[in-house]
Amino acid sequence: MAGLGRKTFSPGDVLTSSDVQGYLMDQSVMVFAGTAARASAIPSPSAGMVAYSTATALQVYNGTAWVDASTGYGSATGGTALATPPSGYAGLAFTADGTLTVTKAGLFDVFACAGGGAGGTINQSAQASGGGGAGGVLQTTIYLAATTHAVTIGAGGAARTNANGGAGNNGLATSIGSLLVVPGGGGGNGNGVGAEPTLAGVGGSGGGGGAQDRNFGPTKALGIVGLGNNGGEGTAGNLGNGAGGGGGQSAVGGNGSGSVGGAGGAGIDIATFTGNASTFKAGGGGGGRSNASGAGAGGSSVGGAGGSNAAGSAAAANTASGGGGGGGASGTGGAGGSGILFIRFKV
């Protein structure tokens with residue numbers, strides 16, 4: 001049964017077996033050699049019971065499971081150990097799908113970056129497409145139970161190959177099971193001749209808008225608040241105008257300006273989280289420009305540069321960058337970069 005709380009006994013009161021059970025036994029800190037001995041002694045625990053063992057330390061039954069009584073940090077294995085984590089921490093990095101094995105339940109700091117979107121594609125002369133949006137980014141602290149957790153690293157959006165072009169492919173999500181899911185970046189807009197371009201998919205950060213050849217309104221895709229930023233707008237008006245840059249984690253994508261493509265939005269420096277030297281992730285892809293020069297630069301040198309009358313560049317450090325691909329100009333948009341996941345805990 002559940003504990004009865006506190007009772008003040010007076011001289012002469014009779015201590016019944018129910019008093020002993022409810023006020024003492026069910027509210028004591030019970031000590032066991034391990035979880036098997038605890039399960040044998042308490043086959044049907046009640047919420048609020050507290051027990052200690054050398055295998056688990058102090059735990060409380062929350063009505064569903066035994067969990068750590070404190071809110072301290074846990075520990076885990078998996079991925080690749082961080083070589084120089086911040087003082088007082090250990091850390092793990094995942095650049096591919098894997099398994100995180102939590103050996104001690106508790107709190108974990110997480111930095112998750114999803115796959116970046118691909119730049120838009122257009123194979124028409126004197127046309128430019130928007131840069132891909134960076135993959136969504138989330139930095140948070142979560143509680144993880146002592147078990148194995150599947151880690152999925154989002155792939156970057158693949159470059160389109162169809163001859164007529166179109167919006168770039170979105171990046172894919174990065175996740176720890178169903179506990180934390182971060183969406184990928186939106187693909188950059190393609191620019192269709194004689195038809196209004198279709199908005200690229202919304203992602204962690206939005207893709208940039210394609211340059212407009214027949215005065216259709218500028219188009220861009222939106223980022224998800226708290227995970228990324230909007231893409232920039234393409235320049236409406238004449239042939240040869242610049243397309244918008246894809247949104248980055250720290251800034252919106254730049255708008256196309258006249259014949260110049262917009263720059264990709266800035267990414268985020270993860271040095272303070274991982275303990276490494278300055279390292280940027282999740283920059284947006286630059287917008288294309290269908291002339292010899294003037295394409296948008298990739299955000300924080302992580303997003304791919306837009307094409308200048310050529311294919312856009314793939315996200316720099318294509319693996320584990322979360323960057324958006326550069327928008328194509330009379331060519332294919334660049335591929336987005338895959339995501340990455342960092343887990344750290346206090347030691």
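Begin by selecting Asn 309, which lies in the loop between β15 and β16; helices (H or I, at least four residues) and strands (E, at least two) are DSSP runs, numbered from the N terminus. Asn 309 has a positive phi of about 55° although it is not a glycine. Most residues other than glycine have a negative phi. With a relative accessible area of 46%, Asn 309 is partly exposed; buried means under 20% relative accessible area, exposed over 50%, and partly exposed in between (1.4 Å probe, protein chains only).

The model is predicted: local features need pLDDT of at least 70, side-chain atom pairs count only at pLDDT 80 or more, and totals for chains, interfaces and linings use all residues. Residues are numbered from 1 along each chain as its sequence is written, and side-chain values use heavy atoms, with hydrogens and water left out.

**A second residue in the loop before β16**

Select Ser 301, placed in the loop between β15 (280-281) and β16. The phi of Ser 301 is also positive, near 60°, in a residue other than glycine. Is Ser 301 buried or exposed? Ser 301 is exposed, its relative accessible area being 64%.

**The whole chain**

Zoom out to the full chain, which has 3 helices and 16 strands. Its C-alpha atoms fill a box of roughly 100 × 40 × 30 Å along the principal axes. The radius of gyration is 27 Å, whereas a compact globule of 347 residues would have one near 20 Å; the radius is taken over C-alpha atoms, and the globule rule is 2.2 Å times the number of residues to the power 0.38.

Colour by accessibility next: buried residues make up 49% of the 347 residues. The accessible surface comes to about 13,900 Å², of which 55% belongs to carbon and sulfur atoms; such areas come from the Shrake-Rupley method with a 1.4 Å probe, and for residues only the protein chains shown count as cover. Of the contacts (heavy atoms within 4.5 Å) with a separation of 6 or more, 52% are between residues 24 or more positions apart.

Display the charged side chains. The mean positions of the 11 positive and 10 negative charges are 6 Å apart. Lys and Arg count as positive and Asp and Glu as negative, while His and the chain ends are not counted; a charge is placed at NZ of Lys, CZ of Arg, CG of Asp or CD of Glu.

**The parallel pair β1 and β2**

Select residues 29-32, strand β1, together with residues 50-53, strand β2; the two run parallel and are joined by 4 bridges. Two strands pair if DSSP finds at least two bridges between them. In a regular strand the side chains alternate between the two faces of the sheet. In β1, Met 30 and Phe 32 point to one face and are buried, while Val 29 and Val 31 point to the other and are not. In β2, Ala 51 and Ser 53 are buried on one face, whereas Val 50 and Tyr 52 point to the other and are not buried. Phe 32 stands opposite Ser 53.

**The five-stranded sheet**

Move to the open sheet of 5 strands, ordered β6-β7-β16-β9-β10 with antiparallel pairing. Its edge strands, each pairing on one side only, are β6 (80-81) and β10 (137-144).

Centre the view on β16, where 6 of the 7 residues are buried. Strand β7 (residues 89-94) is joined to β16 (residues 340-346) by 6 bridges in an antiparallel arrangement. Along this pair, Tyr 89 stands opposite Lys 346, and Leu 92 stands opposite Ile 343. β9 also pairs with β16 in the antiparallel sense, over 5 bridges. Which residue of β16 is the bridge partner of Asp 109? The partner is Arg 344.

**The loop between β9 and β10**

Select Gly 116, found in the loop between β9 and β10. Gly 116 is buried, with a relative accessible area of 0%. Not counting residues up to four places away in sequence, Gly 116 touches several glycines, including Gly 133, Gly 156, Gly 185, Gly 322 and Gly 337, as well as Ala 134. A distance of 15 Å separates the C-alpha atoms of Gly 116 and Val 181, 65 residues apart along the chain.

Finish at Ala 126, in the loop between β9 (106-113) and β10. Ala 126 counts as partly exposed because its relative accessibility is 23%. Measure from Ala 126 to Ser 308: these residues are 182 apart in sequence and 9.9 Å apart in space, C-alpha to C-alpha.
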